[in-house]
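Q: Please take a close look at one part of this model, the helical packing beside its sheet, and give a connected account that states the cut-offs behind each term.

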Amino acid sequence: MKATITVLGGDLRQVYLAQMLLLEGNDVVTWGLDQGGAPNSVPLNIALERDILILPLPVCRNGRLNLPLTDTELRPEQLWPRLRYDQLLLGGMTKDLSGQLMADFGLTLLDYYDREETQVANAVPTAEGALQLAMESTDHTLLGSRCLVIGYGRIGRLLADRLLALGAEVTVSARKYGDLAWIDAWGCRSVRTGALTGHLDRFDLIFNTAPALILDEAKLRETREDSVILELASAPGGVDVEAAQRLGRVVIQAPGLPGKVAPRSAAAAVRDSIYHILEERGEPI
């Protein structure tokens, strides 16, 4: 018999996710998504009876469950005691929650976002969204623009590739010598992330993908006043935003782009990750 599923809270990604799961023949209800027009909305007590609970991405914001599409607030400490040990919880960016829930309540929480296939799939709309923001925020084409991409992870690689395809002059910074070799091989200029000082005044656009502070006040002083800096990394990010404001630099903070620019594609990535988790566990779906 197929497992029953609740999609509980989140943003438009979870709305699309619920729709996809339903269309594929799954027994799905939703809660906390009423302002997004999610299907099969039920009261919370019914939602919590299901075999599988799909939680938001991220699960929590500011100590509360991530519920932007409802006026209802729900703290995690109000939710966990109401769940059964035999239920499977699937959430995004669970951080330290998984161990805590197992120890305190005997609950199993697995992270559908912390998988390579999901991270790669989400890097695509992040790169595309960054290009969109760059074009909207400048008065010149990407063709011929001098661009710096800080970091050569999944997002940095895809972004550099797409900038090159649009005719930009692309420099990529990385920490590892192996990454620097690949950057050169793909036709970009390379620079070590720790050696950016002295290079920053030549760039029209700077894309940060590094989650640790890179562009501090001293480095920001080297950037041009007419440059545009796009912060793509999750908090705390790699740009000292307060220093940038004092210096009059333009910083566009754009974490979480997949859910904003391509929620349907982001939902498909989450769905695939969930199916892979269930397959690996031998769960029926």
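A: Contact here means heavy atoms within 4.5 Å. With that criterion, and setting aside residues up to four places away in sequence, Thr94 touches Val59, Leu109, Leu110 and Asp111. The model is a predicted one, in which local features need pLDDT of at least 70 and side-chain atom pairs count only at pLDDT 80 or more, while totals for chains, interfaces and linings use all residues. Residues are numbered from 1 along each chain as its sequence is written, and side-chain values use heavy atoms, with hydrogens and water left out.

Thr94 sits in the loop between strand 6 and helix 4 (97-105), where helices (H or I, at least four residues) and strands (E, at least two) are DSSP runs numbered from the N terminus. Thr94 is buried, its relative accessible area being 5%; buried means under 20%, exposed over 50% and partly exposed in between, for a 1.4 Å probe and protein chains only.

Strand 6 (88-91) is also among the elements against which the buried residues of helix 11 pack, together with helix 1 (12-23), strand 3 (52-54), strand 7 (108-111), helix 5 (116-137) and helix 10 (257-261). Helix 11 spans residues 263-281, 19 in number, and reaches 27 Å from its first C-alpha to its last, close to the 27 Å expected, a figure defined as 1.5 Å times one less than the number of residues. Its buried residues include Pro263, Ala266, Ala269, Ser273 and Leu278, and just after the helix Gly282 takes a positive phi of about 75°.

The axes of helix 5 and helix 11 come within 9 Å and cross at roughly 170°, with axes fitted as lines to C-alpha atoms, for helices over the stretch in contact, and angles running from 0 to 180 degrees between N-to-C directions. The two helices are therefore roughly antiparallel to each other; that class covers angles over 145 degrees, with under 35 roughly parallel, 65 to 115 roughly perpendicular and the rest oblique. Glu117, Thr118, Ala121 and Asn122 of helix 5 meet Ala266, Ala269, Ser273 and His276 of helix 11, a set that divides into 3 nonpolar, 4 polar and 1 charged. Ala, Val, Leu, Ile, Met, Phe, Trp, Tyr, Cys and Pro count as nonpolar, Asp, Glu, Lys and Arg as charged, and the others, Gly among them, as polar.

Helix 5 also lies across strand 11, strand 12 (228-231) and strand 13, running at about 155° to strand 12. These strands belong to an open sheet of 6 strands in the order 10-9-8-11-12-13, with parallel pairing, pairing being counted when DSSP finds at least two bridges. Strand 10 (189-192) and strand 13 (250-253) stand at the edges with a single partner each, so one side of each is left without a neighbour in the sheet. Neighbouring strands are turned by 20° against each other on average, direction ignored. Phe207 of strand 11 stands opposite Val149 and has Leu230 as its bridge partner in strand 12. Both faces of strand 12 are covered, since Val228 and Leu230 on one side and Ile229 and Glu231 on the other are all buried.

Beyond helix 5, Leu142 lies in the loop leading to strand 8 and is buried, with a relative accessible area of 6%. Neighbours within four places aside, its contacts include Leu131, Ala134 and Met135, as well as Leu205.
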